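Q: Please take one part of this model and look at it closely. Start with a single residue, then work back to what surrounds it.

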Amino acid sequence: MFEKRKLQAQMVLRGINAAEISQAIGINESTFYRKLNNNGDFSRAEIEKMVEVLKIDNPLEIFFN
């Protein structure tokens, strides 16, 4: 499980929309929304790329809560 609101807050803070983040992590935008809205599981590689792109300081708070 991950903290959807915290992930969305990081996206807003960095000015990165769903299309940009989904492209950066290599998935379709609809797949990103499905994982985001249904509490789907992001792969380890997807999480690592989001942490890199969004410059998240403490990913444990978001992805491993």
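A: A residue is called buried when its relative accessible area is under 20%, exposed when it is over 50%, and partly exposed in between (1.4 Å probe, protein chains only). By that scale Lys55 is exposed, with a relative accessible area of 58%. The model is a predicted one, in which local features need pLDDT of at least 70 and side-chain atom pairs count only at pLDDT 80 or more, while totals for chains, interfaces and linings use all residues. Residues are numbered from 1 along each chain as its sequence is written, and side-chain values use heavy atoms, with hydrogens and water left out.

Lys55 sits in the loop that joins helix 4 to helix 5 (59-63); here helices are DSSP runs of H or I with at least four residues, strands are E runs of at least two, and both are numbered from the N terminus. The backbone at Lys55 has a positive phi of about 55 degrees, although the residue is not a glycine. A second positive phi, of about 70 degrees, belongs to Gly15, just after helix 1.

The loop at Lys55 belongs to a chain of five helices and zero strands, whose pattern along the sequence reads α-α-α-α-α. The chain has a radius of gyration of 10 Å, which agrees with the value near 11 Å that a compact globule of 65 residues would have; the radius is taken over C-alpha atoms, and the globule rule is 2.2 Å times the number of residues to the power 0.38. The C-alpha trace spans about 25 × 25 × 20 Å along its principal axes.

Next, helix 4 itself. Glu52 is placed in helix 4 and counts as exposed at 52% relative accessibility. From Glu52 to Ala24 the C-alpha distance is 9.8 Å, with their positions 28 residues apart in sequence. Glu46 is also part of helix 4, but at 8% relative accessibility Glu46 counts as buried. With neighbours within four places in sequence set aside, Glu46 is in contact (heavy atoms within 4.5 Å) with Ile25, Ile27, Lys35 and Asp41.

Ile25 leads to helix 2 (residues 18-25), where the buried residues are Ala18, Ile21, Ser22 and Ile25. Around the axis of helix 2 these buried residues fall within an arc of 100 degrees, so they line one face of the helix; the arc is that of the directions from the helix axis to the C-beta atoms. An α-helix has 3.6 residues a turn, so residues three or four places apart point the same way. The cover over the buried residues of helix 2 includes helix 1 (4-14), helix 3 (29-37) and helix 4 (44-54).

In helix 3, one residue to follow is Phe32. Phe32 counts as buried at 0% relative accessibility. Apart from neighbours within four places in sequence, Phe32 is in contact with Met11, Ala18, Ile21, Ser22, Ile25, Ile27, Phe42 and Met50. One of these partners, Ile21, is 11 residues away in sequence and 8.4 Å away in space, C-alpha to C-alpha.

Met11, another partner of Phe32, brings in helix 1, where Leu7, Gln10 and Met11 are buried. They cover an arc of only 100 degrees around the axis, which puts them on the same side of helix 1. Turned away from that buried side is a face with the exposed residues Arg5, Val12 and Leu13. The buried residues of helix 1 pack against helix 2, helix 3, helix 4 and helix 5. Among them, Gln10 counts as buried at 18% relative accessibility. Its contacts, leaving aside neighbours within four places in sequence, are Leu54, Ile56 and Ile62. Two of these names, Leu54 and Ile56, return the account to the sequence around Lys55, in the loop between helix 4 and helix 5.

Totals for the chain complete the account. Of the 65 residues, 35% count as buried. Among the contacts with a separation of 6 or more, 55% are accounted for by residues 24 or more positions apart. The accessible surface comes to about 4,300 Å², with 47% of it belonging to carbon and sulfur atoms; areas come from the Shrake-Rupley method with a 1.4 Å probe. There are 9 positive and 9 negative side chains, and the centres of the two sets lie 2 Å apart. Lys and Arg count as positive and Asp and Glu as negative, without His or the chain ends, and each charge is placed at NZ of Lys, CZ of Arg, CG of Asp or CD of Glu.
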